[in-house]
Amino acid sequence: MMMESSATKEEEVGSYNSNNVKRAKLHSTLAALVDDPILADVPKKPTLSDVDTLISLEMGSAMRISVLKLDGTSFDVALMNSATLKDLKLAIKRKVNDMEQSKMGHRHISWKHIWTDFCLSHHNQKLLDDNSRLQDFGIRNNSQVQFVPYIVSKSSQKHSKRRRHRFFHGLNQRA
């Protein structure tokens, strides 16, 4: 009985080491593939939907959109042709979070505040309806969108939250 239990433990340890070796080989192969310049547009930790979108991009059923940031730099995101503005915002969030993570480690970005103070624009048209398809705004493959300050028009007689905050903040300092 004692010999049987020790033999099974050795088999378990052997299979455990074998699994670790296989896992290490898989991770090294994946790392080598992701570092290949041909696959530069594949994220470091790709999800199935990321890979599916990139395949669709190659087949022509997806689009690449360039996003211009306020500092003048830009980056690209890939989305399906049927994507909505909400899908674009989620892709931007994932891309920026991945870029920040690779540069600076863990850093929290408050996207709620970003979308409160800024919106996206395409050919000077603010993109405000999250449920609208990107094609309805005229966004096609290789289009460019940019971040612009989100300020409500004067005709509605409302200030954006950012201006209202600055106004009341200034009053508090004078008192």
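**Exercise 1. Find the bridge partner of V67 in β2, and the residue opposite V67 in β5.**

Step 1. In this predicted model, V67 has F75 as its bridge partner in β2.

Step 2. Turn to β5, where V145 stands opposite V67.

Step 3. Place these pairs in their strands. β1 covers residues 62-68, β2 covers residues 74-80, and β5 covers residues 143-149.

Step 4. Add the directions. β1 and β2 run antiparallel and are joined by seven bridges. β1 and β5 run parallel, with four bridges between them.

Step 5. Check the cover on β1. Five of the seven residues of β1 are buried, so the strand is mostly covered.

**Exercise 2. Describe the link between β1 and β2: how many residues lie between the strands, and which residue takes a positive phi?**

Step 1. β1 and β2 form a hairpin, with five residues between the strands.

Step 2. Within this hairpin, the residue with a positive phi is G72, at near 95 degrees.

**Exercise 3. Work out the strand order of the sheet and state which strands stand at the edges.**

Step 1. List the pairings of β5. Besides its four bridges to β1, β5 has four bridges to β3 (residues 118-122), and β3 and β5 run antiparallel. One position in this pairing is L120, which stands opposite F147 of β5.

Step 2. Write the order. The five strands make an open sheet, β2-β1-β5-β3-β4, and the pairing is mixed.

Step 3. Read off the edges. β2 and β4 each have a single partner strand, so one side of each has no neighbour in the sheet.

Step 4. Add the twist, which averages 40 degrees from one strand to the next.

**Exercise 4. State which strands α2 and α3 touch or lie across, and give the angle of each helix to β2.**

Step 1. Helix α2 packs on the sheet and touches β1 and β2. The direction of α2 makes about 85 degrees with that of β2.

Step 2. Helix α3 (residues 85-104) lies across β1, β2, β3, β4 and β5. The angle of α3 to β2 is about 135 degrees.

Step 3. Put the helices in the chain order. There are five helices and five strands, and from the N terminus the elements run α-α-β-β-α-α-β-β-β-α.

**Exercise 5. Identify the salt bridge and decide whether each partner is buried, partly exposed or exposed.**

Step 1. The count is one salt bridge. In this salt bridge the side chains of D130 and K89 meet at 2.9 Å, N to O.

Step 2. Locate the partners. D130 is in the loop between β4 and β5 and K89 is in helix α3; the two are 41 residues apart, so the pair links distant parts of the chain.

Step 3. Classify D130. Its relative accessibility is 28%, which lies between the limits of 20% and 50%, so D130 is partly exposed.

Step 4. Classify K89. Its relative accessible area is 16%, under the 20% limit, so K89 is buried.

Step 5. List the contacts of K89. Leaving out residues up to four places away in sequence, K89 touches W115, L120 and D130. L120 is also the residue that stands opposite F147 in β5.

**Exercise 6. Characterise L128: where does it lie, and which residues is it in contact with?**

Step 1. L128 lies in the loop between β4 (125-127) and β5.

Step 2. At 48% relative accessibility L128 is partly exposed, because the value is not over the 50% needed for exposed.

Step 3. Setting aside neighbours within four places in sequence, L128 is in contact with L85, C119 and Y150.

Step 4. Compare sequence and space for L128 and K86: 42 residues apart along the chain, and 9.8 Å from C-alpha to C-alpha.

**Exercise 7. Which residues make the nonpolar surface patch of about 300 Å², and how does V51 qualify?**

Step 1. The patch is made by V51, I55 and M59.

Step 2. V51 has its place in helix α2 (residues 48-59).

Step 3. V51 is partly exposed, with a relative accessible area of 35%; patch residues need over 30%, so V51 passes this cut-off.

**Exercise 8. Summarise burial, surface and contacts for the whole chain.**

Step 1. Of 175 residues, 23% count as buried.

Step 2. The chain exposes about 13100 Å², of which carbon and sulfur atoms supply 56%.

Step 3. Take the contacts between residues at least 6 apart in sequence: 48% of them join residues at least 24 apart.

Technical notes:
Residues numbered from 1 in each chain as written. Predicted model: local features only at pLDDT ≥ 70, side-chain atom pairs only at ≥ 80, totals over all residues. Heavy atoms only, no water. Buried < 20%, exposed > 50% of the residue type's maximum accessible area, 1.4 Å probe, protein only. Pairing = 2+ DSSP bridges. Contact = heavy atoms within 4.5 Å. Areas by Shrake-Rupley, 256 points an atom, 1.4 Å probe, with all protein chains shown as cover. Patch = residues over 30% accessible without salt bridge, like charges linked within 9 Å, V, L, I, M, F, W, Y side chains within 5 Å. Salt bridge = Lys/Arg side-chain N within 4 Å of Asp/Glu carboxyl O. Axes fitted to C-alpha atoms, helices over the stretch in contact; angles between N-to-C directions.
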